[in-house]
Amino acid sequence: MSFNHHPRRAAFTLVELLVVIAIIGVMVGLLLPAVQAAREAARRMSCGNNLKQLGLACLNYESTYKTLPFNSDTGDDEAHPNNSGRRSVVNRWRQFSWLTLSLPFVEQQPLYDQINWNTAMSLRDPVNATLARTVVNTFLCPSNAQETIRTGQVEGYKHNGGGSGAGTDYVGNMGHIWGGWKDCAAVPDFPGPANNPSLFVKGANPGTPWVNGDYLNEQVNCNGLFRYYGSTKLAQITDGTTATIMVFEDMHYRGGNTPGQFDRRAGDDSAWMSPLAAVNPLRNPLNNRNPAWLQGNGDRRCHGWSSEHPGGAQAALADGSVRFFSNSLENLVRYALAVRNDGLNVQIPE
């Protein structure tokens, strides 16, 4: 009688299993950063595409109406002599952002058609309050982890208490100004060039002019492409559309000045329907998180050009192109990109 002997398969020893697990752990550790980097690259590309769409929306709007989208935001204090001739049937300014006017140009015509324009209220009007909570993906950067619906939003300049609204991570460029609700005094007056030492001085005009959102006659001091109230035309860009920012990333951070801490939650001026949220100057340094240049938690005046992309942030130029700019961007270059008519001979980094 013969027997077939089959050798028994040896099992893995405990040591071998531990070695295999260690190798897998090392491989995962090596691959995870690459996967995360690839995901962020995709998010940044999507974010850049949103900026592209907004830039093209502005250009198409200007082609149709011969002006850039109108931002309707200013105070309603009757004591101000320059506020004669109200534009609303309820004797107050309509509080709608230029983003709201751009809706038909970013494939949001049905949303646009539902808005009640015959009111001074955006976030508090019974009809608009619901529409304002509509998330428009074109207005949000995928890299931003903030909530898409943001509570406690102000309706506009000097309008406290509005309600909830879907957010925006993009704003129109007001230029290099020092203005109401945008006046972060903690950011110092940087030294200007030798031939124009007052260029960055708060209130210097030309330079960094003061703009009071309550006064219509001060809106012309906005040296970018958008205003608290009103609009500009492409023809007013004398520095060239390839050297002037139209729309840029702004995460609307609450900020904070506690050493080692930075509050990334969105502030109360970050809803797309609010005109106060849809514009900002480029005076503050890119991705400013310097505790010395902030004014406390929740101070909406200190947020600015910012993103969650490593190393910098993006912007759409007035020619419709989109560029990524490094955190190390020089102050003078940022100024030249912000102002439409400064005449500076500055090399824009590639």
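This is a short talk on the sheet, the disulfide and the internal spaces of one predicted model.

Some ground rules. Because the model is predicted, local features need pLDDT of at least 70 and side-chain atom pairs count only at pLDDT 80 or more, while totals for chains, interfaces and linings use all residues. Residues are numbered from 1 along each chain as its sequence is written, and side-chain values use heavy atoms, with hydrogens and water left out.

Start with the sheet. Strands here are DSSP runs of E, at least two residues long, numbered from the N terminus. Two of them pair if DSSP finds at least two bridges between them. An open sheet of 5 strands runs in the order β11-β4-β8-β12-β13. The pairing is mixed. Which strands stand at the edges? They are β11 (279–280) and β13 (322–326). Each has a single partner strand, so one side of each is left without a neighbour in the sheet. Further in, β8 (residues 245–249) and β12 (residues 312–317) pair in the antiparallel sense, over 3 bridges. Look at Val 247: its bridge partner in β12 is Ala 316.

Now the cysteines. A disulfide is a pair of cysteine sulfur atoms within 2.5 Å. The count by that rule is 1. Cys 184 is joined to Cys 302, with 2.0 Å from S to S. Cys 184 sits in the loop between β5 (178–179) and β6 (210–211), and Cys 302 in the loop between β11 and β12, so the pair ties together parts that are 118 residues apart in sequence. The torsion about the S-S bond is about 85°, so this disulfide is right-handed.

Are these cysteines buried or exposed? Buried means under 20% relative accessible area, exposed over 50%, and partly exposed in between, with a 1.4 Å probe and protein chains only. Cys 184 is buried at 0%. Cys 302 is buried too, at 7%. Two other cysteines to note: Cys 47 is buried at 0%, and Cys 141 is buried at 4%.

Stay with the loop between β11 and β12. Asn 287 is found there. Its relative accessible area is 12%, so Asn 287 counts as buried. What is Asn 287 in contact with, leaving aside neighbours within four places in sequence? With heavy atoms within 4.5 Å as the cut-off, the answer is Trp 305, Ser 306, Ser 307, Gly 312, Ala 313 and Asn 327.

Last, the empty space. On a 1 Å grid over the protein atoms alone, a cavity is a set of points where a 1.4 Å probe fits but cannot get out; a pocket is an open set with protein on both sides within 12 Å along at least five of seven lines; lining residues have an atom within 4 Å of a point. Volume is the space filled by probe spheres set on the points, which are joined across faces, edges and corners.

There are 3 cavities of 30 Å³ or more. The largest holds about 90 Å³. It is lined by 14 residues, and Tyr 253, Asn 288, Cys 302, His 303 and Gly 304 lie nearest its centre. So one disulfide cysteine, Cys 302, is in that lining. The second largest cavity has about 50 Å³. Its lining includes the other one, Cys 184, along with His 303 and Gly 304.

And the largest pocket? Its volume is about 170 Å³. Of its 14 lining residues, Pro 206, Gly 207, Tyr 335, Val 339 and Asn 341 are closest to the centre.

Terms used
Helix = DSSP H or I, 4+ residues; strand = E, 2+ residues; numbered from the N terminus.
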